Amino acid sequence: MTRTPMMTKTPMRILLVRPESTGGIGVHVDSLTRALREAGHDVRTLVATGTGAIPAIRHAARQARVDVVHAHGLRAGAAACLATRKRTVVTLHNAPANRAGELLMRLIAQRADAVLAASHDLVEAVAGNGAKDARFGPVVAPALPAPTLPVPQVRTALRSELGLAADDDRRLVLAVGRLAPQKDYATLIKALIILKGRLGPGRVPPVAIAGEGRERSALQAAVDEHGLPVALLGHRADIADLLRAADVFVMCSTWEARPLALQEALRAGVPRVIATDVGGVAEVTAGYLPLIPPGDPEALARALAESCDGSVPAGGAPDWDALWPGPAEELAAVLAAYSA
């Protein structure tokens, strides 16, 4: 497909297309929209889902006379590639989870003018599908907002939601992410069942999970069946407060690129962090954090036991912001893809 060349560099007219998402993609697109506008560009945004995505993108691009259509995610990215002859850039945030996703990635690779990928393994995957311009595009977690409540008050509220007695001194474990297969909370439940059988019910780490999704019923049923101290908090707007109140953060996903929740947990200084060695997680943790294999309840049980019973490692945390790409690098990568 031959696309119309971009006639201007600055200011540009940009259409940002995203799926319906309250998670990391939505946060990233909101942040990118602000950065592009502050840089002087004319930015329109569109949430495109379902069968109406292609005509909606085509109409929005024509109406705004855009120079670039920048779509996020596999479905929105594929729809953008089919909808317009304008310069099309796609940012991939997740790897395909099934055959349909693999077909979408192949379409994007073959039709997008440039593909930004949030981790280097994704760059390799889309290049392997024939992308003529595949490059790393950092996804930067926004700075944590200021606390809205004192940490002791948040901890008290969390302990109450978990049904813990006032004299229960077990460390609080927090997980953040939608209740979906990719986050693999089923393995977390299995790890807690292992610890209950090994240590007794009174020493199972209490876990709060902030997020909503289609697996809520199944997870709640497993929690109730095994009598586990797990609270499904649903969607929360106070993640920063929860992170500051947590003793342990756990991310047991089967795949992640540059997970915003993990970046936020490290920035917040959660004393102990457990994460699976998948996707771009090793890039984020930069060798400072021991990682565990995904889908391994025994390894997760051991990590939880060590984190909840052991002392905090000496030496403190590195300056994560000095190790990671920042907002300037994020914006530069996007603008380079627009103008290449």
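Is glutamate 102 buried, partly exposed or exposed, and what is its relative accessibility? Before you select it, bear in mind that this is a predicted model. With glutamate 102 selected, the answer is that it counts as partly exposed, at 38% relative accessibility.

**Stop one: a salt bridge within helix H4**

Keep glutamate 102 on screen and add arginine 99, whose side chain forms a salt bridge with it, the closest N and O atoms being 3.5 Å apart. Both residues belong to helix H4 (residues 99–111), and because they are three residues apart there, about one helical turn separates them. In general terms, side chains of opposite charge can pair when their charged atoms come close. Across the structure the count comes to 17 salt bridges, and the next stops visit some others.

**Stop two: salt bridges elsewhere in the chain**

Select arginine 13 and aspartate 67, whose side chains meet in a salt bridge at 3.6 Å, N to O. This pair links distant parts of the chain, since arginine 13 sits in strand E1 (residues 13–18) while aspartate 67 sits in the loop between helix H2 (53–64) and strand E3 (68–72), 54 residues apart. Arginine 13 counts as partly exposed, at 31% relative accessibility, whereas aspartate 67 counts as buried, at 7%.

Move next to aspartate 168 and arginine 170, whose salt bridge spans 2.6 Å from N to O. Aspartate 168 is buried, with a relative accessible area of 16%, and arginine 170 is buried as well, with a relative accessible area of 17%. Then select Glu161, Arg236 and Asp238 together, which are joined into one network by salt bridges that share partners.

**Stop three: the aromatic cluster**

Now turn to the aromatic rings, where a search of the whole structure finds two aromatic pairs. Select tyrosine 288 and tryptophan 320, which form an edge-to-face pair with 5.9 Å from centre to centre and 80° between the planes. Tyrosine 288 lies in the loop between helix H11 (281–285) and helix H12 (297–309), and tryptophan 320 lies in helix H13 (residues 320–323), so the pair ties together parts that are 32 residues apart in sequence.

Add tryptophan 324, which forms a stacked pair with tryptophan 320, at 5.5 Å centre to centre and 25° between the planes. Tryptophan 320 is buried, with a relative accessible area of 7%, and tryptophan 324 is buried too. Taken together, Tyr288, Trp320 and Trp324 form one aromatic cluster.

**Stop four: helix H7 against helix H12**

Select helix H7 (residues 185–199) together with H12, and look along the place where they pack, at an angle of about 65° and with their axes 8 Å apart. The crossing of these two helices is right-handed. On the H7 side the contact includes Leu188, Ala191, Leu192 and Leu195, and on the H12 side it includes Leu300, Ala301 and Leu304. Which kinds of residue make up the contact of H7 with H12? They divide into 10 nonpolar, one polar and three charged residues.

**Last stop: valine 27**

Finish at valine 27, which lies in helix H1 (residues 24–38) and is partly exposed, with a relative accessible area of 31%. Leaving aside its neighbours within four places in sequence, valine 27 is in contact with Pro142 and Leu260, which can be added to the selection. For a last distance, select glycine 310 as well: from C-alpha to C-alpha, valine 27 and glycine 310 are 34 Å apart in space, and they are 283 residues apart in sequence.

Terms used: Residues are numbered from 1 along each chain as its sequence is written. This is a predicted model: local features need pLDDT of at least 70, side-chain atom pairs count only at pLDDT 80 or more; totals for chains, interfaces and linings use all residues. Side-chain values use heavy atoms; hydrogens and water are left out. Rings of Phe, Tyr and Trp (its six-membered ring) pair if their centres lie within 6.5 Å; planes under 30 degrees apart count as stacked, over 60 as edge-to-face and the rest as tilted. Helices (H or I, at least four residues) and strands (E, at least two) are DSSP runs, numbered from the N terminus. Buried means under 20% relative accessible area, exposed over 50%, partly exposed in between (1.4 Å probe, protein chains only). A salt bridge is a side-chain nitrogen of Lys or Arg within 4 Å of a carboxyl oxygen of Asp or Glu. Axes are lines fitted to C-alpha atoms, for helices over the stretch in contact, and angles run from 0 to 180 degrees between N-to-C directions. A crossing is left-handed if the near helix is turned anticlockwise from the far one by less than a right angle, and right-handed if clockwise. Contact means heavy atoms within 4.5 Å. Ala, Val, Leu, Ile, Met, Phe, Trp, Tyr, Cys and Pro count as nonpolar, Asp, Glu, Lys and Arg as charged, and the others, Gly among them, as polar.
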